[in-house]
Amino acid sequence: MARLRCFSALLLLIGAVHAEIPVASDLLAYKVESGLSGDLSSIGSDTLANLMRLWRDAFRRFHPNATIQIEATGSAMAPPALTDGTSNFGAMSRKMRAQEIAAFEQHHGYKPTPIAVAIDALAVYVHKDNPLENMTIVDVDAVFSAQRKCGGDKDVISWGGLGLKGDWMNRPIQLYGRNAVSGTYGYFKKRALCKGEFKNSVNQQADSASVVQRVSNSLSAIGYASIGYRTPGVKVLPLARAIGENYIDASSENAVAGKYPLSRFLYVYVNKHPDLPLSALEREFIKMMLSYEGQLLVVEDGHIPLPASVAAKQLSKISAD
């Protein structure tokens, strides 16, 4: 219990430092089930990589005889690993696609169980000294996609195409984004490109941190990545869903309310038989993630914690036998 009180005090300090992203006070506190041991593994999202490691390290403090291996190779790697039984958890920054669910169901006879573990705002980043103030989704699509399925009437290849003047007018836009195995890539394609294809000129990066770093190193750059990867070298642009609508900041309040156009849940999928419980160790790890203490770590990683009602709904998915 002393270990739990000490760790809780540390997390309360984290909550005070990140007070601009409040953690719901009515989230359940984590209650340790003693005597657990064993091995777990997670394969999937790069966006969730650091958060999964924070949860792993916290879990080890509560359960020193448990080990959790984290492999962050992209959301596309999670469904086959969960289907084949090579991973206990499938971390994903998007929902599973229909064909991924079908493959799992064909193998197991039931669907995988999605557990929403955090909320994220997928941000559009420019260099901190870029004078651009905001963009519409139509603008974003015209910059990143050659097809312009969101309705843009012209391709945008220079900053003048977004209304910038002077030295910026003819400055070419450098594009940075994620690779195709990333859930962030798939989500951005669906929501920001209206299911269109990316331009060939998008420089694909293996992880979100690299996208933000590239943008921070070039005045001409623009990129997209989770809000949790924001650094002082970049600026996050407010977005509007359509021309004439209000521009919405990528804030925690707007993401939770669903006002920000590129807000999303982050998921951990599990193999939960409808008539059988998860293993005690799997269940305990999920309980910790969704607890007050676990959601404080969401804040530490720069993401947005779940409302208590959402966390309770996720817990109900693993408590039903």
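A polar contact is a pair of N or O atoms within 3.5 Å; within protein, one of them must be able to donate a hydrogen and the other to accept it. By this criterion, the side chains of H303 and D301 make a polar contact, at 3.4 Å. The structure is a predicted model, and its secondary structure comes to 11 helices and 11 strands. The points below cover the overall form, the nonpolar cores, the disulfide, the loop that follows helix α6, and the surroundings of H303.

**Overall form**

- The radius of gyration is 20 Å, close to the 20 Å that the globule rule gives for 321 residues, so the protein is as compact as a globular protein of that length.
- Taken along the principal axes, the box filled by the C-alpha atoms is roughly 65 × 45 × 30 Å.
- Of the 321 residues, 53% are buried.
- The accessible surface of the protein comes to about 14,100 Å², and carbon and sulfur atoms account for 50% of that surface.
- Among contacts between residues at least 6 apart in sequence, 77% join residues that are at least 24 apart.

**Nonpolar cores**

- The largest nonpolar core holds 90 residues, and the members that touch the most other members are W55, M135, F144, F188, I222 and F285.
- Strand β4, which spans residues 113-127, gives the most to this core, with 10 residues.
- Leaving aside residues up to four places away in sequence, F285 touches L40, M52, W55, R56, F59, I68 and F89.
- A second core, separate from the largest one, has 9 residues, among them M92, F104, Y110 and Y269.

**Disulfide**

- A search of the whole structure finds 1 disulfide, formed by C150 and C194 with their sulfur atoms 2.1 Å apart.
- The pair links distant parts of the chain, 44 residues apart: C150 is in the loop between α5 (137-144) and β6 (174-178), and C194 is in the loop between α6 (183-191) and β7 (203-205).
- The link of C150 and C194 is right-handed, with 110 degrees about the S-S bond.
- The two cysteines fall into separate burial classes: because buried means under 20% relative accessible area, C150 counts as buried at 16%, whereas C194, at 31%, counts as partly exposed.

**The loop between α6 and β7**

- This loop holds the disulfide cysteine C194, and K195 lies there as well.
- C194 has a positive phi of about 50 degrees although it is not a glycine.
- K195, also a residue other than glycine, has a positive phi, near 70 degrees.
- K195 has a relative accessibility of 58% and therefore counts as exposed, the cut-off being over 50%.

**Surroundings of H303**

- H303 is found in the loop between α10 (292-300) and α11 (308-319).
- H303 has a relative accessible area of 0%, so it is buried.
- The partner in its side-chain polar contact is the side chain of D301, at 3.4 Å, a distance that meets the requirement of N or O atoms within 3.5 Å.

Definitions and conventions:
Residues are numbered from 1 along each chain as its sequence is written. This is a predicted model: local features need pLDDT of at least 70, side-chain atom pairs count only at pLDDT 80 or more; totals for chains, interfaces and linings use all residues. Side-chain values use heavy atoms; hydrogens and water are left out. A disulfide is a pair of cysteine sulfur atoms within 2.5 Å. Helices (H or I, at least four residues) and strands (E, at least two) are DSSP runs, numbered from the N terminus. Buried means under 20% relative accessible area, exposed over 50%, partly exposed in between (1.4 Å probe, protein chains only). A nonpolar core is a set of buried Ala, Val, Leu, Ile, Met, Phe, Trp, Tyr and Cys residues joined through side-chain atoms within 4.5 Å. Contact means heavy atoms within 4.5 Å. The radius of gyration is taken over C-alpha atoms; the globule rule is 2.2 Å times the number of residues to the power 0.38. Accessible areas come from the Shrake-Rupley method with a 1.4 Å probe; for residues, only the protein chains shown count as cover.
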